[in-house]
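Visitor: Please pick one part of this structure and take me through it slowly. After that, follow the chains outward and show me what else can be read from the coordinates.

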Amino acid sequence: MGVKLVMPINYYIFLAVALFCIGVAGVLTRRNAIIIFMCIELMLNAVNLLLVAFSKMHYHAMSAGNPNAGIDGQLFVFFIMVVAAAEVSVGLAVIVMMYRNTHSIDVNFLNRLKH
Amino acid sequence: MGTTQVLFWFLSILAILGAILVVTSKNPVHSVLWLIVVFVAISGHYILLDAQFLAIVNLIVYAGAIMVLFLFVFMLMNLNSDTEPQKNRWLKIAGVVTGGALLLVLVAALKRADLKQQMATLGNGDIGLIKNLGLVLFHDYVVPFEISSVLFLSAMVGVVVIGKKAEEDKAPAPGPQRYGG
């Protein structure tokens with residue numbers, strides 16, 4: 001591969017912003033607790049994609065001096081995945097508990113937490 | 001437009017279309033399946049960006065493990081589009097408008113940013129290979145790595161505690177129901 005393939009970082013930023021905003025709109029419009037949870041996963045993935053794109057951007061700018069430039073971004077993505085896996089397990093346990101108690105996964109039932 | 005550009009646009013459109021369908025699907029199981037499509041598209045982006053390790057981990061952990069967990073929960077709860085709770089129309093419109101407004105603000109703010117010259121490299125670079133990632137992970141990020149193991153342990157304990165409490169609450173329930181059904 002003689003010629004260096006590059007992609008403007010703008011495209012990745014706008015793609016990630018679009019995915020993130022779809023996730024936000026999903027959290028605000030749906031009442032199914034699990035769908036809300038899935039929209040949060042969608043937002044996490046938008047951020048992951050942007051982190052990887054920025055990592056490659058930094059690599060493009062800095063790779064002459066440091067062959068490992070930008071590797072930190074990919075490790076951050078790795079840690080975000082770790083935290084997301086733990087979060088999903090606990091969150092789904094909470095949702096299953098909520099379903100056992102209320103026989104519904106409508107988040108509006110949770111407003112009785114205020115009593 | 002080279003193959004890379006074609007793949008980029010294809011994966012981007014697939015991701016955004018899948019994300020919209022995740023939010024708009026009436027049936028929750030369809031939402032999960034569309035979310036898997038989004039994750040596969042994002043893994044394709046990782047491969048285009050030469051982050052091979054993250055692409056495989058994304059497929060295994062997200063599309064493999066987490067989505068199967070979601071499907072299991074849907075199966076256990078026996079949910080379908082009939083039991084789907086509905087918000088009233090104005091709240092839905094307000095949610096979409098809020099998300100669109102956020103999109104508008106972010107795009108307007110980022111459009112002016114001087115990023116035209118910044119490029120992301122595709123098709124070269126070894127930083128996504130597991131060898132380099134592992135070396136950096138176990139040199140510079142050992143402490144966060146160990147802390148994440150503590151996080152996993154506490155998450156495991158938390159899940160067991162949350163699940164067990166319900167069993168204890170249910171145990172003193174009326175006797176005949178225990179064998180019913």
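Guide: Start with A:R31, which is buried, with a relative accessible area of 16%. The limit for calling a residue buried is under 20% relative accessible area, so A:R31 at 16% falls on the buried side. Keep in mind that this is a predicted model.

The partner of A:R31 is A:D106: their side chains meet in a salt bridge, with 2.3 Å from N to O. A:R31 sits in the loop between α1 and α2 (33-62) of chain A, whereas A:D106 lies in the segment after α3 (71-102) of chain A, so the pair ties together parts that are 75 residues apart in sequence. A:D106 also counts as buried, at 6% relative accessibility. Over all chains, the structure holds one salt bridge, and the bridge just described joins A:D106 and A:R31.

Aromatic side chains offer more to look at. Over all chains there are 11 aromatic pairs. One of them is formed by A:Y12 and B:F8, with 5.0 Å from centre to centre and 80° between the planes, which makes the pair edge-to-face. This pair crosses between chains: A:Y12 belongs to helix α1 (residues 9-29) of chain A, and B:F8 belongs to helix α1 of chain B. A:Y12 is buried, with a relative accessible area of 0%, and B:F8 is buried as well, at 1%. B:F8 has a further ring partner in B:W9: the ring centres are 5.3 Å apart and the planes stand at 85°, so this pair is edge-to-face too. B:W9, however, is partly exposed, with a relative accessible area of 36%. Elsewhere, A:F76, A:F78, A:F79, B:F53 and B:Y141 form one aromatic cluster.

B:W9 leads on to the surface. Together with A:Y11, B:M1, B:V6 and B:I13, B:W9 makes a nonpolar surface patch of about 550 Å². Helix α1 (residues 3-24) of chain B gives the most to this patch, with three residues. B:I13 has its place in helix α1 of chain B, and B:I13 is exposed, with a relative accessible area of 53%.

Further along chain B comes helix α2, residues 28-48. This helix has 21 residues and reaches 30 Å from its first C-alpha to its last, close to the 30 Å expected at 1.5 Å a residue. At the start of α2(B), a side-chain oxygen of B:N27 comes within 3.2 Å of the backbone nitrogen of B:V29.

After α2(B) comes B:D50, with a positive phi near 60°. Most residues other than glycine have a negative phi. B:D50 is a residue other than glycine, and its phi is positive all the same. B:D50 is found in the loop between α2 and α3 (52-77) of chain B. At 11% relative accessibility, B:D50 counts as buried.

To return to the starting point: A:R31 is buried, its salt-bridge partner A:D106 is buried, and the bridge links a loop of chain A to the segment after α3 of chain A.

Methods:
Residues numbered from 1 in each chain as written. Chains lettered and ligands numbered in written order. Predicted model: local features only at pLDDT ≥ 70, side-chain atom pairs only at ≥ 80, totals over all residues. Heavy atoms only, no water. Helix = DSSP H or I, 4+ residues; strand = E, 2+ residues; numbered from the N terminus. Expected span 1.5 Å × (residues − 1). Polar contact = N/O pair within 3.5 Å; in protein donor to acceptor, adjacent residues only side chain to side chain. Patch = residues over 30% accessible without salt bridge, like charges linked within 9 Å, V, L, I, M, F, W, Y side chains within 5 Å. Areas by Shrake-Rupley, 256 points an atom, 1.4 Å probe, with all protein chains shown as cover. Salt bridge = Lys/Arg side-chain N within 4 Å of Asp/Glu carboxyl O. Buried < 20%, exposed > 50% of the residue type's maximum accessible area, 1.4 Å probe, protein only. Phe/Tyr/Trp six-rings, centres within 6.5 Å; stacked < 30°, edge-to-face > 60°.
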